[in-house]
Amino acid sequence: MTHMEHELVIALNRKIIFVNPNDLQIFKEVEIESDLVPLGLKLSKDDNDDESKTKKPKSQEEAKIQHVALSDDLQWLAVTTSGQKALLLFKCLPVHAKLVSIRPIPRASSALIFSPSGSSVLVCDKTGDCYQFDVSEDSQNPGKLVLGHLSIVYDVLFPPGENHIITSDRDEKIRVTNYPNSYEIANYCLGHK
């Protein structure tokens, strides 16, 4: 298939569908496995020990798609899952959706975005922390904590130039954080509508 200028990626439960936006034809379907452990997901000790809160141990919970992001250059697809919490990275070009990496994430994701350069992906979680993961076929590095909020992060933007990260949280705050020195907050957007 020839390279298209744009494409749509739709995900639900465990299925990812690639759609040609010109004619709305499905040209690729991928279904993630319900158990990611045999594919290389390493569950932390805490994930298996805390069986009292749920009916099933974490290793027995079914992985379901939570968030999906496509890099601007259409090279990478990032998928976060719930149940078995993981970041899955797929190589999209020249072959659509070749799984190249499965990495554990500490908590369920609340937002997901690629950097404009496509070299990293930001995963924000329900406690307000945002982790940055390197994007490459051979990298298995864990995420690096880059910033945090006091409540759930609902959305994240990585503007062109990669000088800032913009996040919004449940407390109705929009924060502009310097990047890569994310310990410096550039501005808060308060009083916005």
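Is F18 buried or exposed? I began with this residue in what is a predicted model. I found F18 buried, at a relative accessible area of 0%.

**Aromatic pairs**

I then searched for ring pairs and recorded two aromatic pairs in the structure. One of them joins F18 and F27, with 6.3 Å from centre to centre and 40 degrees between the planes. I noted this pair as tilted, because planes count as stacked under 30 degrees and as edge-to-face over 60. I looked up the partner of F18 as well: F27 has a relative accessibility of 22% and is partly exposed. F27 does not count as buried, because that class requires a value under 20%.

I turned next to F158 and Y179, whose rings form an edge-to-face pair. Their centres lie 5.1 Å apart, and the planes meet at 85 degrees. I located F158 in the loop between strand 12 (153–157) and strand 13 (164–169). Y179 lies in the loop between strand 14 (174–178) and strand 15 (185–189). The pair thus links distant parts of the chain, 21 residues apart. I entered both F158 and Y179 as buried.

**The sheet of strands 8 to 11**

I traced an open sheet of four strands, in the order 8-9-10-11, with antiparallel pairing. Its edges are strand 8 (109–114) and strand 11 (144–148), each of which pairs on one side only. I noted an average turn of 25 degrees between neighbouring strands of this sheet, with direction ignored.

How many bridges join strand 10 and strand 11? I recorded four, in the antiparallel sense, with strand 10 covering residues 129–134. At D129, I found G148 of strand 11 standing opposite.

Conventions. Residues are numbered from 1 along each chain as its sequence is written. This is a predicted model: local features need pLDDT of at least 70, side-chain atom pairs count only at pLDDT 80 or more; totals for chains, interfaces and linings use all residues. Side-chain values use heavy atoms; hydrogens and water are left out. Two strands pair if DSSP finds at least two bridges between them. Helices (H or I, at least four residues) and strands (E, at least two) are DSSP runs, numbered from the N terminus. Axes are lines fitted to C-alpha atoms, for helices over the stretch in contact, and angles run from 0 to 180 degrees between N-to-C directions. Rings of Phe, Tyr and Trp (its six-membered ring) pair if their centres lie within 6.5 Å; planes under 30 degrees apart count as stacked, over 60 as edge-to-face and the rest as tilted. Buried means under 20% relative accessible area, exposed over 50%, partly exposed in between (1.4 Å probe, protein chains only).
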